[in-house]
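Here are a few exercises to work through with the model open beside you. Try each task before you read its solution.

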Amino acid sequence: MNKPSPDGRDAVVVGAGMVGICTALSLQAKGFRVRLVDRDGPAEGASSGNAGVISPWSCVPQSLPGVLTMVPKWLLDPLGPVRVRWLYAPRLLPWLVRFIRAGGADRLPAIGDAMMALNRYSVDLFREHLDGTGREDLVQDSLYVHVYRDATGANLNDISWRMRSERNVPLQVINGDELHEIEPDLSPDYKSAVLIKDQGRAVNPEAIGKTLADRMVRQGGDLVRADVQRLRPQPDGSVIVDTTAGELSASLVVVSAGVWTRELLAPLGVRLLIEAERGYHLVFPDPGVTARNTIMDPGGRFVANSMAMGMRCAGTSEWASIDAPPDYRRADIFATLGKRLFPALNTEGAKPWMGRRPTTPDSLPYIGPLPDYPNIIVAAGHAHLGLTGAPMTGRLVSQIAAGETPNTDMSPYSLTRY
């Protein structure tokens, strides 16, 4: 058995997605010796297949007033953004009830503030992590361009834009001519847009994760390729982590295992409301068009981004069990949606992907120690914002682990809020 160090500054981080990787780096900065454990390689799950949006201004949750009235329309539309595998619906119901409650007008201000606190410095923190790696180019400056087919579609009175305006998000409404100067390959059918400024975008999210994991190893950390089976808190305060590669023991364990966090912590009496919101993307390797910035089509509820591997169109929400097989028809819809956005898009050779977003009802992750086992810290449930929220999450976890009091109010991310 790999025993903990005598000084208590050793940690096992379970889950090598972007949150786990950033947490490992932040723990190292606090003097911890770190082992990062995952059954797959670094950033090979949802961290690799996301839309590449690094949005420091993300402050709008998925549940908003009126969202429930939109669901039937989405479900009936073959190109719609939502699908539910009906055999799973009874299991989803308790989560869904809390999701609807989270969208109440009285709850939105606190949720928006908590989202902003976690995401605000994401671009700067990623650049700190990448500094000196030689891959600083993996994060680029960008606008976040929300495009509309109606000249009056860009309405800042809508609740999502009001939430941003109330938090001083830098916004600009532009007309179709200005839009097509910024994005020449975009269809002329789009007549207006809202620009969110001072954004970042990842040109290869998986490469960011692997670059940062390599940095962690160069700084003395270990990558352990194994499946984590269970956690066993010990009377002396250490925790044994049972894996398919043997036992690991540490003074601190951080669980950042995405959707699998729920099952891993259940034997310890911890109940987390995390569901596997399955997202899909389609990559067009030879697109023949370019998105100069990150583009969001709110009508289709999907994002288009030019990346190192081609044009990636990503989005959709499919609700099913963790282990249900992919339904790549959900990815195929992006060929149609992508052509609407970029009429000259070459869809030949498109490559589909599916990943599992760990999603909570209020769009906020769980961050903090277990009530009964303070040397086990949770960092999971980031939904669509795992890439954006990873650096600050890692920093907050490292402060908690080091016995420091974060400047951020941690109550919105509490493990016991439900």
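**Exercise 1: Aromatic pairs**

Counting ring pairs whose centres lie within 6.5 Å, this predicted model has four aromatic pairs.

Task: Find out how the rings of Trp95 and Phe99 are arranged.

Solution:
- Start with the geometry: the ring centres of Trp95 and Phe99 are 5.2 Å apart and the planes meet at 15 degrees. Planes under 30 degrees apart count as stacked, so Trp95 and Phe99 are a stacked pair.
- Next, look at the sequence. Trp95 and Phe99 are four residues apart in helix H4 (residues 89–102), which puts about one helical turn between them. In general, residues three or four places apart in an α-helix point the same way, because there are 3.6 residues a turn.
- Finally, check the surroundings: Trp95 and Phe99 are both buried, and together with Trp319 they form one aromatic cluster.

**Exercise 2: A pair across the sequence**

Task: Classify the pair Phe302 and Phe334, and say which parts it ties together.

Solution:
- The centres are 5.9 Å apart and the planes stand at 45 degrees, which makes this pair tilted.
- Phe302 belongs to strand S15 (residues 302–307), while Phe334 belongs to helix H11 (residues 329–341), so the pair links parts 32 residues apart in sequence.
- Both Phe302 and Phe334 are buried.

**Exercise 3: One face of a helix**

Task: Decide where the buried residues of helix H7 (residues 159–166) lie around its axis, and name what covers them.

Solution:
- List them first: Ser160, Trp161, Met163 and Arg164 are the buried residues of H7.
- Now look down the axis of H7: these residues fall within an arc of 155 degrees, so they line one face of the helix.
- The cover over them includes helix H5 (108–119) and the strands S5 (139–148), S6 (171–175) and S7 (192–202).
- Just past H7, Asn168 has a positive phi of about 60 degrees.

**Exercise 4: A three-stranded sheet**

Task: Which strands stand at the edges of the sheet S9-S10-S11?

Solution:
- The sheet is open, and its strands pair in the antiparallel sense in the order S9-S10-S11.
- Strand S9 (228–233) and strand S11 (246–250) each have a single partner strand, so they are the edges, with one side of each lacking a neighbour in the sheet.
- From one strand to the next, the twist averages 20 degrees.
- For a closer look, follow S9 and strand S10 (residues 239–243), which pair over five bridges; Arg232 has Ile240 in S10 as its bridge partner.

Terms used. Residues are numbered from 1 along each chain as its sequence is written. This is a predicted model: local features need pLDDT of at least 70, side-chain atom pairs count only at pLDDT 80 or more; totals for chains, interfaces and linings use all residues. Side-chain values use heavy atoms; hydrogens and water are left out. Buried means under 20% relative accessible area, exposed over 50%, partly exposed in between (1.4 Å probe, protein chains only). Helices (H or I, at least four residues) and strands (E, at least two) are DSSP runs, numbered from the N terminus. The arc is that of the directions from the helix axis to the C-beta atoms. Contact means heavy atoms within 4.5 Å. Two strands pair if DSSP finds at least two bridges between them. Axes are lines fitted to C-alpha atoms, for helices over the stretch in contact, and angles run from 0 to 180 degrees between N-to-C directions. Rings of Phe, Tyr and Trp (its six-membered ring) pair if their centres lie within 6.5 Å; planes under 30 degrees apart count as stacked, over 60 as edge-to-face and the rest as tilted.
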